[in-house]
Amino acid sequence: MNTGNADHGSAIMASRRNSSECPGRAVNRGFIVSACLAGLNCTYNGKNKLKPRIRELIKKGVAVAVCPEVLGGSSVPRERCEISGGDGGQVLAKKAAVKTLSGKDITATMVLGAKKTLAIAKRLGIKRAILKSNSPSCGYGMIYDGTFKDKLKKGNGVTAALLLRYSIKIYNEKDDDYDL
Ligand code: SF4
């Protein structure tokens, strides 16, 4: 996996209360969180979207930070991408595509990242996620509309859509009504 630079950290950053826990052992608590919200420099332009409250969850050992796009094989930095002709659910149904600003179809990469994120949640028994709003991967409720003009439309990103299918409850970074 080409990740472009050394500053973005790992696509997965996990913390557990008991460091002796086996990585594959189900914790039956906690959250998947978008890695950019935890401070990893994994956005398309190599920056982060740090929310200190999300990073605290990592420090408390109740969250696993995941970047689906990097997990799927995208580099950091990378071209911007948006869902064209639908939303994440339609991408999973093969009725819409994810394309970069220059028109490259990266649907397979985005679906792979979503599947890997779901696999992590299943392996750890995690049933909740706090995801970055508006993203073609992590967005929940609203996503960019495919025109690359910073316009939004209703819908979920590819990873959010897949997690929802498996009854994982999703919050975004603006929510603060989840219990630890
Ligand atoms: Fe990665 Fe999701 Fe953040 Fe995009 S929004 S950089 S896919 S964690």
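I began with the fold order: from the N terminus, the protein reads β-β-α-β-α-β-α-β-α-β-β-β-α-β. That comes to five helices and nine strands. Both are DSSP runs numbered from the N terminus, helices being H or I over at least four residues and strands E over at least two.

I noted that this is a predicted model, where local features need pLDDT of at least 70, side-chain atom pairs count only at pLDDT 80 or more, and totals for chains, interfaces and linings use all residues. Residues are numbered from 1 along each chain as its sequence is written.

Next I checked burial. Of the 180 residues of the protein, 44% count as buried. Buried takes 20 or more other C-beta atoms within 10 Å of the residue's own, exposed 12 or fewer, and partly exposed lies in between, with C-beta atoms placed from the backbone.

I then looked at contacts, meaning backbone-placed C-beta atoms within 7 Å. Among those between residues at least 6 apart in sequence, 65% join residues at least 24 apart.

I turned to G85. It sits in the loop between β4 (81-84) and α3 (88-92). I count G85 as exposed because it has 12 C-beta neighbours inside 10 Å. Leaving out residues up to four places away in sequence, G85 touches A96, A97 and G146. The C-alpha atoms of G85 and A97 are 6.9 Å apart, with their positions 12 residues apart along the chain counted as separation.

Last, I listed the ligand's surroundings, taking residues whose backbone-placed C-beta atom lies within 6 Å of it. They are S34, A35, C36, C42, T43, C67, P68, E69, K132, S135, S137 and C138. By class, I have six nonpolar, four polar and two charged residues. Nonpolar covers Ala, Val, Leu, Ile, Met, Phe, Trp, Tyr, Cys and Pro; charged covers Asp, Glu, Lys and Arg; the others, Gly among them, are polar.

Conventions:
Two residues are in contact if their C-beta atoms, placed from the backbone, lie within 7 Å.
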